[in-house]
Amino acid sequence: MAQASPRTFALAQRVMSVAPSVTLAIAAKAKEMQAQGIQVLSLSAGEPDFDTPDYIKEAAIQALQKGATKYTPATGTIELRRAIAAKLKRDQNLNFEPSQIIVGTGAKHAIFNVLFALLNEGDEVLIPSPYWLSYPEMVTVLGGRSVFLKTTEATSFKLTPDILKKGITDRSKILILNSPSNPTGAVYSRKELLDLMTVLKNFPKLIVLSDEIYEKLIFGGAAHESIASLDPEMAQRTVIVNGMSKAYSMTGWRLGYAACPNKELAEAVGSIQSHSTSNPTSFAQAGGVTALEKGEDDARKMCQVFEKRRDLLFDLISKIPGLKPFKPGGAFYLFVNIAQTGIDSVTFSNRLLQEAHVAVVPGKPFGSDEHIRLSFAASEKVLTEASTRIASWLAKK
Ligand SMILES: Cc1ncc(COP(=O)(O)O)c(C=O)c1O
């Protein structure tokens, strides 16, 4: 077996500034403990715990058997881009030509390519905080500068017109919106987006990147609102990013897309993709078409299960002295304020794993060291048992 080389390489400057993933380190530790036979309860999953519905799998199998084993157009098959355009019309009442849609290997890939196509050195990206941890890392790698717009429980972890206005400078190029949000589960209402729009109207050059990956996971019968749907001017300056991962439980399939408001951006994003990864996997795309056309009932059912678990976990954690959970309106995360415990989020998560065998995610890489993120993409049994362990661990401190 080859030995690890003792030589070191001069890595690219831009890579040096990328933070190693704290969350992956904790996940690795949890796996190591499990391998030693320790029963670790994990509330750290970033993906639904359901299997992909069978008819979606079947569509991919059929495509494979019919010979879908070759390159497709780099930006995705015409069938899938048409299905996405139809979905955007059906759900968001937005008009897109298939040529404006770039399908990549996951929403993460789509976001990276859009930022790649837009950012010049020093351009500022406005990121409401807490944020999905990959946004600032991507911005850094691409030479941009993240400007964090701090939100707290006081604004239900949402931007207000005031917070937004204060963050904008003449270097601001992109505003990232993520509703429902990872890690807080905050969901913007139409009224809240309209309020933000009044500010955005004064800064016509600012582009909005709307990450709608948790769109199908909204609780209490509330509707998903896309800022692009508010008026034609917003539609022309918003890039919508979405994908199949969370809605249809297809994280491993790696399918996501950017719907670009104009041809120029679509061509730029498409060109970057054509020189890096080329098309997303051919037969996975066939499954993607079926998910978009037939998956709504299953998406709704999975959302109902998540809502029940949200209520259960919220109640259980609310009862634990020192913990203050924020009630999420969507996604599958409970963002819990741990400030009263006096322990920072990384120490909290490490010790909880080590001493109580419960894996959670520290808030620090999401922009808040006073919070932890619990995923309710786990069974009710696991949620209940994990909450009991957390309560007795904290009681001993
Ligand atoms: C907010 C947010 N955006 C995008 C993604 C990327 O999803 P995928 O690349 O699986 O489509 C994730 C995944 O965790 C996410 O939480």
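## Overall fold and local environments in a predicted protein model

Apart from its neighbours within four places in sequence, Asn113 is in contact with Val269, Ile272 and Gln273. The model in which these contacts occur is a predicted one. Asn113 belongs to helix 5, which spans residues 107-118. With a relative accessible area of 2%, Asn113 is buried, because the limit for burial is set at under 20%.

The chain as a whole was examined next. Its secondary structure consists of 14 helices and 13 strands. For a compact globule of 397 residues, a radius of gyration near 21 Å would be expected, and the protein chain agrees with this, having 21 Å. Along the principal axes, the C-alpha atoms fill a box of roughly 60 × 55 × 55 Å. Of the 397 residues in the protein chain, 53% are buried. Among contacts with a separation of 6 or more, 75% join residues 24 or more positions apart.

The surface and the charges of the chain were also computed. The accessible surface comes to about 18000 Å², and carbon and sulfur atoms account for 54% of this area. The protein chain carries 45 positive and 39 negative charges, and the mean positions of these two groups are 2 Å apart.

Helix 8, formed by residues 190-200, illustrates how buried residues can be arranged around a helix. Its buried residues are Leu193, Leu196, Met197, Val199 and Leu200. These residues lie on the same side of helix 8, because they cover an arc of only 155° around the axis. An α-helix has 3.6 residues a turn, so residues three or four places apart point the same way. The cover over the buried residues of helix 8 includes two helices, helix 7 (161-167) and helix 9 (232-237), together with strand 5 (172-178) and strand 6 (207-211).

A further buried position is found in helix 11, which comprises residues 282-294 and contains Ala291. The relative accessibility of Ala291 is 0%, and this residue therefore counts as buried. When residues up to four places away in sequence are not counted, Ala291 touches Ile56, Tyr248, Met250 and Glu296. The C-alpha atoms of Ala291 and Gln92 are 17 Å apart in space, while the two residues are 199 residues apart in sequence.

Two of the residues touched by Ala291, Tyr248 and Met250, also appear among the contacts of Thr52. Thr52 is situated in the loop between strand 1 (41-42) and helix 3, and it counts as buried at 8% relative accessibility. Beyond its neighbours within four places in sequence, Thr52 is in contact with Lys57, Tyr248, Ser249, Met250 and Trp253. Between Thr52 and Asp298 the C-alpha to C-alpha distance is 9.5 Å, although 246 residues separate them in sequence.

Ala68 occupies another loop, the one between helix 3 (54-65) and helix 4 (78-92). In contrast to a buried position, Ala68 counts as partly exposed, with 25% relative accessibility. Its contacts, leaving aside neighbours within four places in sequence, are with Ala63, Ser282 and Phe283. The C-alpha atoms of Ala68 and Ala247 are separated by 24 Å, and the two residues are 179 residues apart along the chain.

Several features of the backbone were also noted in loops. The peptide bond from Ser129 to Pro130 is cis, and its omega is near -5°. Pro130 is placed in the loop between strand 3 (124-129) and helix 6 (134-141). A cis peptide bond also runs from Asn182 to Pro183, with omega near 25°. The loop that holds Pro183 lies between strand 5 and helix 8.

Positive phi values occur at two residues that are not glycine. For Ser278, phi is near 60°, and this residue lies in the loop between helix 10 (263-276) and helix 11. The relative accessible area of Ser278 is 25%, which makes this residue partly exposed. For Ala331, phi is positive at about 60°. Ala331 is found in the loop between strand 9 (324-326) and strand 10 (333-337). With a relative accessibility of 0%, Ala331 counts as buried.

Conventions
Residues are numbered from 1 along each chain as its sequence is written. This is a predicted model: local features need pLDDT of at least 70, side-chain atom pairs count only at pLDDT 80 or more; totals for chains, interfaces and linings use all residues. Side-chain values use heavy atoms; hydrogens and water are left out. Helices (H or I, at least four residues) and strands (E, at least two) are DSSP runs, numbered from the N terminus. The radius of gyration is taken over C-alpha atoms; the globule rule is 2.2 Å times the number of residues to the power 0.38. Buried means under 20% relative accessible area, exposed over 50%, partly exposed in between (1.4 Å probe, protein chains only). Contact means heavy atoms within 4.5 Å. Accessible areas come from the Shrake-Rupley method with a 1.4 Å probe; for residues, only the protein chains shown count as cover. Lys and Arg count as positive and Asp and Glu as negative; His and the chain ends are not counted. The place of a charge is taken as NZ of Lys, CZ of Arg, CG of Asp or CD of Glu. The arc is that of the directions from the helix axis to the C-beta atoms.
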